[in-house]
Amino acid sequence: MKQDIIPADGRLGILIPGLGAVATTFIAGVEAVKKGIAKPIGSLTQMGNIRLGKRTENRFPRINEFVPLAPLTDIAFGGWDIYEDNVFEAAVNAKVLDLPLLQSIQKELEAIKPMKAVFDRSYVQNLDGKNVKTGATKYDLAMQVIDDIENFKIANNCNRVVIVWCGSTEKYIESTDIHSTIEKFEAALKNNESLIAPSMIYAYAAIKTGVPFANGAPNLTCDIPALIELAKQTQTPIGGKDFKTGQTLMKTILAPGLHARALGVSGWFSTNILGNRDGYVLDHPDNFKTKEVSKLSVLDEIFRPELNPELYGEMYHKVRINYYPPRGDNKESWDNIDIFGWLGYSMQIKINFLCRDSILAAPIVLDLALLMDLAKRAEMSGIQEWLSFYFKSPQTLEGLSPEHDIFKQLMKMQNTLRHMMGEDLITHLGLDYYQELVETL
Ligand SMILES: NC(=O)c1ccc[n+]([C@@H]2O[C@H](COP(=O)([O-])OP(=O)(O)OC[C@H]3O[C@@H](n4cnc5c(N)ncnc54)[C@H](O)[C@@H]3O)[C@@H](O)[C@H]2O)c1
């Protein structure tokens, strides 16, 4: 890591595979914020503060005033989708944002038209679109994506680009031998191996050309040894997987609290209804499996039942997602948590969260894009674990278990920013200065 970070001069291109509900809510939101008609609520980079130095110093700058991030006015948007709708049309179809808000930025949104996608229906069986690239091999498709990135950069006068995957969740696959090294992966691209998913082709194109890549869906994508190795070679920051929103956000807020108080948990049942296109894709069992694995990993890592079997050894964790069209993007989730306390006496907690999926995800896309770009300018490469805060299933190096506790994730992210800027790390010990104050009173 470099401490004299390259400044965020010039324009930053944010390219997004998948211009659906999340991506259009994000782009429309940034355009609305730029016009002064809305606030970037939920974005830590725009609205969050960071404490610096001792508590007695009272220094709490905004994050975007502390670290050199690209200003919103210097961003150009682009992306790929299997449908030809421009971002205005796609945002209207997604039915997340109100029409009057979208109409106030209609011109800006209509100007963003999706490039032809790399798509393979066997990975997302519930969708079918015509705006799709053709090529003799998957390697050819990757080269076309590299050209798209370069052409976008030139056409939009950008000197840097980042990519955030907001495409549909692909079917569940596991890392195999063809994903194990760069050579084998490139050979597999040229041999049209079926286990190379479309998202891996975008990720390869990005990483090969040094473009930071973040994965907002639970697909494997860049979480394979070949692309991790490539990221090191090309000094590219990467990260994933699966934006932490809704039910999992609540889980990683509440579970650390129960764990902190050594309360036992015997069961955690989570179910939800949603009716957007994401829900439709997840209605297919192969795609649900990818999401289920991502959602299930959270509690075990926080409670660590192997360290404390009396409290968490018997915990039953169930996650269900039900496609229910009337609700659209406005997901409703229910959690029933069976806990036990002193002498084993049982209690229950119920959570009923009426959330808006894309409203929670959009600020994450913004923060990830800006922080990935920062990481690149700070010469940080490979897996950006300090951005785990934003993910349901944070990517880590092989053999390391991810940190899911949102408060530890936040502390890690804030300390990374302090470290980047040469500020003291904060341990919350306080004795070094607090004790002195106490003794002199
Ligand atoms: N909304 C949330 O809270 C949330 C949270 C975590 C993860 N996610 C994930 O983010 C992704 C986007 O969610 P969404 O609600 O916007 O879904 P969406 O269905 O509205 O949008 C996804 C878009 O991706 C497109 N697409 C699919 N495959 C593609 C490909 N290979 N190349 C280019 N485009 C492709 C689809 O046509 C669609 O327009 C999903 O994978 C979802 O699981 C969303």
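Strands are taken here as DSSP runs of E, at least two residues long, numbered from the N terminus. In this predicted model, Asn215 belongs to strand β5, which spans residues 213-215.

β5 is part of an open sheet of 7 strands with parallel pairing, in the order β3-β2-β1-β4-β5-β6-β11. The edges of this sheet are formed by β3 (115-116) and β11 (382-383), each of which pairs on one side only. Between β5 and strand β4 (residues 158-165), the parallel pairing extends over 3 bridges. Within this pair, the residue opposite Asn215 is Trp165.

Asn215 has a relative accessible area of 1% and is therefore classed as buried, the cut-off being under 20%. Its side chain makes a polar contact of 3.2 Å with the side chain of Thr221. Leaving aside residues up to four places away in sequence, Asn215 touches Trp165, Leu220, Thr221, Gly239, Gly240, Lys241, Asp242 and Phe391.

Helix α10 covers residues 225-233, and its buried residues are Ala226, Leu227, Ile228, Leu230 and Ala231. These buried residues pack against two helices, α8 (182-190) and α9, and against two strands, β6 (237-239) and β11. Both strands also occur in the sheet order given above, where β6 follows β5 and β11 follows β6. Just after α10, the backbone of Gln235 adopts a positive phi of about 55 degrees.

The ligand is surrounded by 31 residues, of which the closest are Val22, Asp81, Val118, Gly167 and Thr245. By class, this shell comprises 16 nonpolar, 8 polar and 7 charged residues. Several secondary-structure elements supply at least two shell residues each, namely α1 (21-34), β2 (75-81), α9 (198-208), α12 (277-282) and α15 (357-377). Helix α9 thus appears in the ligand shell as well as in the packing of α10.

Oxygen atoms of the ligand lie at short range from backbone and side-chain atoms of the protein. A backbone N or O atom of Ala21 is 2.8 Å from a ligand oxygen, and a polar side-chain atom of Asp278 is 3.0 Å from a ligand oxygen. For Ser168, a backbone N or O atom lies 3.4 Å from an oxygen atom of the ligand. Taken alone, the ligand exposes 830 Å², and the protein buries 98% of that area.

Conventions:
Residues are numbered from 1 along each chain as its sequence is written. This is a predicted model: local features need pLDDT of at least 70, side-chain atom pairs count only at pLDDT 80 or more; totals for chains, interfaces and linings use all residues. Side-chain values use heavy atoms; hydrogens and water are left out. A residue is near a molecule or strand if one of its heavy atoms lies within 4 Å of it. A polar contact is a pair of N or O atoms within 3.5 Å; within protein, one must be able to donate a hydrogen and the other to accept it, and residues adjacent in sequence count only if both atoms are side-chain atoms. Accessible areas come from the Shrake-Rupley method with a 1.4 Å probe; for residues, only the protein chains shown count as cover. Helices (H or I, at least four residues) and strands (E, at least two) are DSSP runs, numbered from the N terminus. Ala, Val, Leu, Ile, Met, Phe, Trp, Tyr, Cys and Pro count as nonpolar, Asp, Glu, Lys and Arg as charged, and the others, Gly among them, as polar. Buried means under 20% relative accessible area, exposed over 50%, partly exposed in between (1.4 Å probe, protein chains only). Contact means heavy atoms within 4.5 Å. Two strands pair if DSSP finds at least two bridges between them.
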